[in-house]
Amino acid sequence: MVQLYSILALGLSLVYTASAACNYGTADFPREPNVPIGAFGYTGLDGPLNWYSLNKSANILCAEGHFQSPINLNSSIPVAPGNRSLTLNITSYAEGAEFENLGTTLEVPANGTFTTANNTYNLAQFHFHTPSEHRIDLEYYPMELHFVFQAADKSIAVVAFVIGLGPADPLLTSVFEYAVGAATPGEATLTGPLVFADLEDHFSSSNVFEYSGSLTTPPCSENVLWYVSAQPLTVDQGTYTKVKRILKFNSRYTQNTPGGMDLLQNSANAINS
């Protein structure tokens, strides 16, 4: 997938040649032979406040959507209790998996399934954000992990975990074991061995926030089903510091409550009124 985006802003013409969105690896954004570099960013004219202007036809929901993500998760968002009809099953990789630096995130292509009462979704990849994109009762966390799934009907579900600082999680430690080998956008390396049994147990025993939102990257497509564990994972300080030096900052700002006016649209209306 190679898309050309041309924008005119402050007298500058900027051309982008790839769009590594958070649904990369799904039917809408198939994987490329080489690691793509994102066509957007998180600062200045590349950042979320200007995503709409990067491609006004494709990214209209980034400015006008009413069900945008991420959000603040609180008592107004439905919570499914532990041991409910949600099943997370991710394939283990005894010899590690590919670890890619897309410029916009660090990503691992992976296989697995996520089953709800209404559908079964196949895993495309998982990736990371620093700091967390979702907040729980207004609290940010140092990191967030997204598993992106797609069903046969092309609907998308994301299983997410906020990540705090604490005891080293063996899975996260192994994911980032050789991260320095992909310190530059476009580079790829390997993870350490990946075993997801503890993560699956963590998810099955945790309360889970459920809501319908959007991709947190352009084109900000809606009708994405989110399942966010209310119980954080933890990562040790050393691993977090190593990852943060590579990812730096790659989080979209908190959006309005689901169904509310897009914050960018609200600001534009206020300026024009």
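Which residue just after helix 5 takes a positive phi? The views below, all drawn from a predicted model, begin with that residue; local features were accepted at pLDDT of at least 70 and side-chain atom pairs at pLDDT 80 or more, while totals for chains, interfaces and linings use all residues. Residues are numbered from 1 along each chain as its sequence is written, and side-chain values use heavy atoms, with hydrogens and water left out.

**View A. The two ends of helix 5 and its buried residues.** Lys248, just after helix 5, takes a positive phi of about 60 degrees; helices here are DSSP runs of H or I with at least four residues, strands are runs of E with at least two, and both are numbered from the N terminus. At the N-terminal end of the helix, Asp236 acts as the cap, with a side-chain oxygen 3.3 Å from the backbone nitrogen of Gly238. Within the helix, residues 237-247, the buried positions are Thr239, Tyr240, Thr241, Val243, Ile246 and Leu247, where buried means under 20% relative accessible area, calculated with a 1.4 Å probe on protein chains only.

**View B. Glu133 and its surroundings.** Glu133 belongs to the loop between strand 9 (120-129) and strand 10 (135-136). Glu133 is buried but has no salt bridge, and the nearest side chain of opposite charge, that of Arg252, is 7.0 Å away; a salt bridge would require a side-chain nitrogen of Lys or Arg within 4 Å of a carboxyl oxygen of Asp or Glu. The side chain of Glu133 does, however, reach the backbone nitrogen of Arg252 at 2.8 Å. Not counting residues up to four places away in sequence, Glu133 touches several residues, among them Pro70, Tyr140, His146 and Thr254, a contact being heavy atoms within 4.5 Å.

**View C. The disulfide and Cys22.** A search of the whole structure finds one disulfide, defined as a pair of cysteine sulfur atoms within 2.5 Å. Cys62 and Cys220 are joined with an S to S distance of 2.1 Å. The pair links distant parts of the chain, 158 residues apart, with Cys62 in helix 2 (residues 61-64) and Cys220 in the loop between strand 14 (208-214) and strand 15 (222-235). Both Cys62 and Cys220 are buried, and their link is right-handed, with 95 degrees about the S-S bond. Cys22 is also buried, at a relative accessible area of 8%, but its sulfur lies 8.3 Å from the closest cysteine sulfur, in Cys220, and is therefore too far away for a bond.

Key: Buried means under 20% relative accessible area, exposed over 50%, partly exposed in between (1.4 Å probe, protein chains only). Lys and Arg count as positive and Asp and Glu as negative; His and the chain ends are not counted. A polar contact is a pair of N or O atoms within 3.5 Å; within protein, one must be able to donate a hydrogen and the other to accept it, and residues adjacent in sequence count only if both atoms are side-chain atoms.
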